[in-house]
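Dear colleague,

I am handing over the structure we discussed, and my notes on it follow below. Please read them with the coordinates open beside you.

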Amino acid sequence: MFRIGCHLSASKGYLAMGEQAVAIEANTFQYFTRNPRGGAAKELDLKDVEKYLEFAAQNDIGSILAHAPYTINACAVDEGIREFARNTMADDLRRLSYLPDSLYNFHPGSHVKQGAQKGIELIAQTLNQVMTDSLTTTVLLETMAGKGTEVGRTFEELQAILERTDYPEKMGVCLDTCHVYDGGYDIVNHLDEVLAEFDRVIGLYRLKAIHLNDSKNPMGSHKDRHEKIGEGSLTLEAITRIINHPLLKDLPFFLETPNELPGYQAEIRLLKSKRTE
Ligand code: FE
Ligand code: FE
Ligand code: ZN
């Protein structure tokens, strides 16, 4: 089954997101757990969650993906900034415990001038401080474009973080097509080889979600500027191969393209028309 959705605004709650997803012909969605620039989250409305869960079951919405605010930095130099990342992630995970089988995605972080090795250690340390035995959420590291001092551009860096975590069975990876292409992996001309590399370094069993984005920039640009599907350097042909690839087709796909809802709906229709089954 083709699981496809897009990033939605969480401002009106879970049920509203579920209804919006169905209205644009999606069967999953992504949302920010709180204001992407950080700050306090609204208290969880358990009535809304209950109504959403019922709606999701009736409408076959599954595998929704919560995205951490992108301003947290789990490997900052400053302990106060790392503490903020810890508190934010711990609070997000506590809230997600009300949404069974959630996926929680975060940007590993920027090591600033400490070097990737130190960054990797601090990210793993942060995870080990917020993950617990009772966790029912799968925590995903997102593949990054390698802008500035971002950790997680290479599969090796992601694997180094995974290896240092205390709950590897509750961890996975979210592959962002714009980011990996900007990061230097040629998923346009050598998709099979890139997936083989991912499998060799990390293991494909850890791949839990795809951020499906075209890119405004060429391969290896390290820019991270998302483009609408088929209007960027990835091209519709390569994106069609990605959504139909036997190793990827059963994963949930999330659009984070520069669109409002009608644009997302058009992309979802386009991509459905390109699915071979
Ligand atoms: Fe992201
Ligand atoms: Fe992404
Ligand atoms: Zn991005």
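Glutamine 265 sits in helix H9, and in this predicted model the residue is buried, because its relative accessible area is 18% and the limit for that class is under 20%. The side chain of glutamine 265 makes a polar contact of 2.6 Å with the side chain of glutamate 25. Once neighbours within four places in sequence are set aside, glutamine 265 is in contact with Ala23, Ile24 and Glu25.

The loop that precedes helix H9 (261-274), coming after strand E12 (253-255), brings us to the metal site. The iron ion (ligand 2) has Glu142 (OE), Asp176 (OD), His211 (ND1) and Glu256 (OE) as its protein donors, at 2.1 to 2.2 Å, and along the chain these follow the spacing E-x33-D-x34-H-x44-E. Of these residues, aspartate 176 lies in strand E8 (residues 171-176), whereas glutamate 256 lies in the loop between strand E12 and helix H9, so that the pair, 80 residues apart, links distant parts of the chain. Aspartate 176 is buried at a relative accessible area of 0%, and glutamate 256 is buried as well, at 13%.

The arrangement of the four donor atoms around the iron ion (ligand 2) is irregular, because the angles they subtend run from 85 to 172 degrees, while a tetrahedral assignment would need all angles to lie between 85 and 135 degrees. The iron ion (ligand 1) is 3.3 Å from the iron ion (ligand 2), and glutamate 142 coordinates both.

As for charged pairs, a search of the whole structure gives 10 salt bridges. One of them joins the side chains of arginine 34 and aspartate 91 at 3.0 Å, N to O, and it links distant parts of the chain, with arginine 34 in the loop between strand E2 (28-32) and helix H2 (46-59) and aspartate 91 in helix H3 (residues 79-96), 57 residues apart. Arginine 34 counts as buried at 9% relative accessibility, whereas aspartate 91, at 22%, counts as partly exposed. Arg34 and Asp91 also belong to a network of salt bridges with Asp92 and Arg94.

Another salt bridge joins the side chains of glutamate 79 and arginine 86 at 2.9 Å, N to O; here glutamate 79 is partly exposed at 37%, and arginine 86 is buried at 16%. Glutamate 197 and arginine 200, whose closest N and O atoms are 3.2 Å apart in their salt bridge, both lie in helix H7 (residues 191-201), three residues apart, about one turn of the helix. Arginine 200 is exposed at 61%, while glutamate 197 is partly exposed at 24%.

With best regards

Note on methods. Residues numbered from 1 in each chain as written. Chains lettered and ligands numbered in written order. Predicted model: local features only at pLDDT ≥ 70, side-chain atom pairs only at ≥ 80, totals over all residues. Heavy atoms only, no water. Donors = N, O, S within 2.8 Å, 3.2 Å for Na, K, Ca; no water. Tetrahedral: all angles 85-135°; square planar, octahedral: opposite > 155°, others 65-115°. Helix = DSSP H or I, 4+ residues; strand = E, 2+ residues; numbered from the N terminus. Buried < 20%, exposed > 50% of the residue type's maximum accessible area, 1.4 Å probe, protein only. Polar contact = N/O pair within 3.5 Å; in protein donor to acceptor, adjacent residues only side chain to side chain. Contact = heavy atoms within 4.5 Å. Salt bridge = Lys/Arg side-chain N within 4 Å of Asp/Glu carboxyl O.
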